[in-house]
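Reader: I would like to walk through this structure with you, one question at a time. Shall we begin?

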Amino acid sequence: MPSNHSQLIWFFVVYFFLFLYLRMHQTNNARCVDLLWRHILSIILLGMALSVSYSRPISEYFLVRDTSLIPNILWFEYTVTRSEARNRQRKLGTKLQ
């Protein structure tokens, strides 16, 4: 799983993107300079997040053995979701008859 630093920086960047582009969405009267600083700030934040994410595996904080369970987790989620869908379908099928 990603490190705490990477998770925190990506949360911050996504929150800031949403704030910049949805909350401060006033393009009808915005000047070109206002739009330009918004895009520049977004690019800087994205670069910062990518550099933090890239630096984690390089500094060996993020180990390969941490990712070895991901296929097992995905398989578990798939089988549980599939069995729940079957059970839901059986219940709906008996109620309709």
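Reader: In which helix is Phe19 found?
Author: Happy to start there, with the reminder that this is a predicted model. The residue lies within the stretch 4-23. That stretch is helix 1.

Reader: Is Phe19 buried, partly exposed or exposed?
Author: The relative accessible area of Phe19 is 35%. Buried would need a value under 20%, and exposed one over 50%. Phe19 falls in between, so the class is partly exposed.

Reader: Which residues make a nonpolar surface patch with Phe19, and what is its area?
Author: Phe19 shares the patch with Phe11 and Tyr15. Both of these partners are exposed. The patch made by Phe11, Tyr15 and Phe19 covers about 360 Å².

Reader: How many aromatic pairs does the structure hold, and is the pair of Phe11 and Tyr15 stacked or edge-to-face?
Author: The structure holds four aromatic pairs. In the pair of Phe11 and Tyr15, the ring centres are 6.3 Å apart and the planes stand at 20°. Planes under 30 degrees apart count as stacked, so Phe11 and Tyr15 are stacked.

Reader: How many residues separate Phe11 and Tyr15 along the helix?
Author: Both residues belong to helix 1. Their spacing amounts to about one turn of the helix. In residues, Phe11 and Tyr15 are four apart.

Reader: What kind of aromatic pair do Phe12 and Phe16 form?
Author: These two also lie in helix 1, four residues apart. Their ring centres are 5.7 Å from each other, with 40° between the planes. Stacked needs under 30 degrees and edge-to-face over 60, so the pair of Phe12 and Phe16 is tilted.

Reader: And what are the relative accessible areas of Phe12 and Phe16?
Author: Phe12 is partly exposed, with a value of 38%. Phe16 is partly exposed too, and its value is 23%.

Reader: Where is Leu20, and is it buried or exposed?
Author: Leu20 has its place in helix 1. The relative accessible area of Leu20 is 1%. Because the limit for buried is under 20%, Leu20 is buried.

Reader: How far apart in space are Leu20 and Ser42?
Author: Along the sequence, 22 residues separate the two. From C-alpha to C-alpha, Leu20 and Ser42 are 8.3 Å apart.

Reader: Which residues does Ser53 touch, leaving out those up to four places away in sequence?
Author: Ser53 is found in helix 2, residues 32-58, and is partly exposed at 22% relative accessible area. Trp10 is 43 residues from Ser53 in sequence, yet the C-alpha atoms are 8.7 Å apart. The residues touched by Ser53 are Ser6 and Trp10.

Reader: Where does UniProt place the feature "transmembrane region", and how much of each span is helix?
Author: The unreviewed UniProt entry gives residues 6-23 and 35-54. The end C-alpha atoms of residues 6-23 lie 24 Å apart, and that span is 100% helix. For residues 35-54 the ends are 29 Å apart, and the helix share is again 100%.

Reader: What pattern does the chain follow when read along the sequence?
Author: The chain has three helices and zero strands. Read along the sequence, the pattern is α-α-α.

Reader: What percentage of the residues in the chain is buried?
Author: The accessible surface of the chain is about 8,400 Å², with 66% of it belonging to carbon and sulfur atoms. The chain has 97 residues. Of these, the buried share is 10%.

Reader: Among contacts between residues at least 6 apart in sequence, what percentage joins residues at least 24 apart?
Author: The contact of Ser53 with Trp10 is one example, since those two are 43 residues apart in sequence. Over the chain, the share of such contacts is 66%.

Technical notes. Residues numbered from 1 in each chain as written. Predicted model: local features only at pLDDT ≥ 70, side-chain atom pairs only at ≥ 80, totals over all residues. Heavy atoms only, no water. Buried < 20%, exposed > 50% of the residue type's maximum accessible area, 1.4 Å probe, protein only. Contact = heavy atoms within 4.5 Å. Areas by Shrake-Rupley, 256 points an atom, 1.4 Å probe, with all protein chains shown as cover. Patch = residues over 30% accessible without salt bridge, like charges linked within 9 Å, V, L, I, M, F, W, Y side chains within 5 Å. Salt bridge = Lys/Arg side-chain N within 4 Å of Asp/Glu carboxyl O. UniProt positions renumbered as here; feature names shortened; annotations may be inferred. Phe/Tyr/Trp six-rings, centres within 6.5 Å; stacked < 30°, edge-to-face > 60°.
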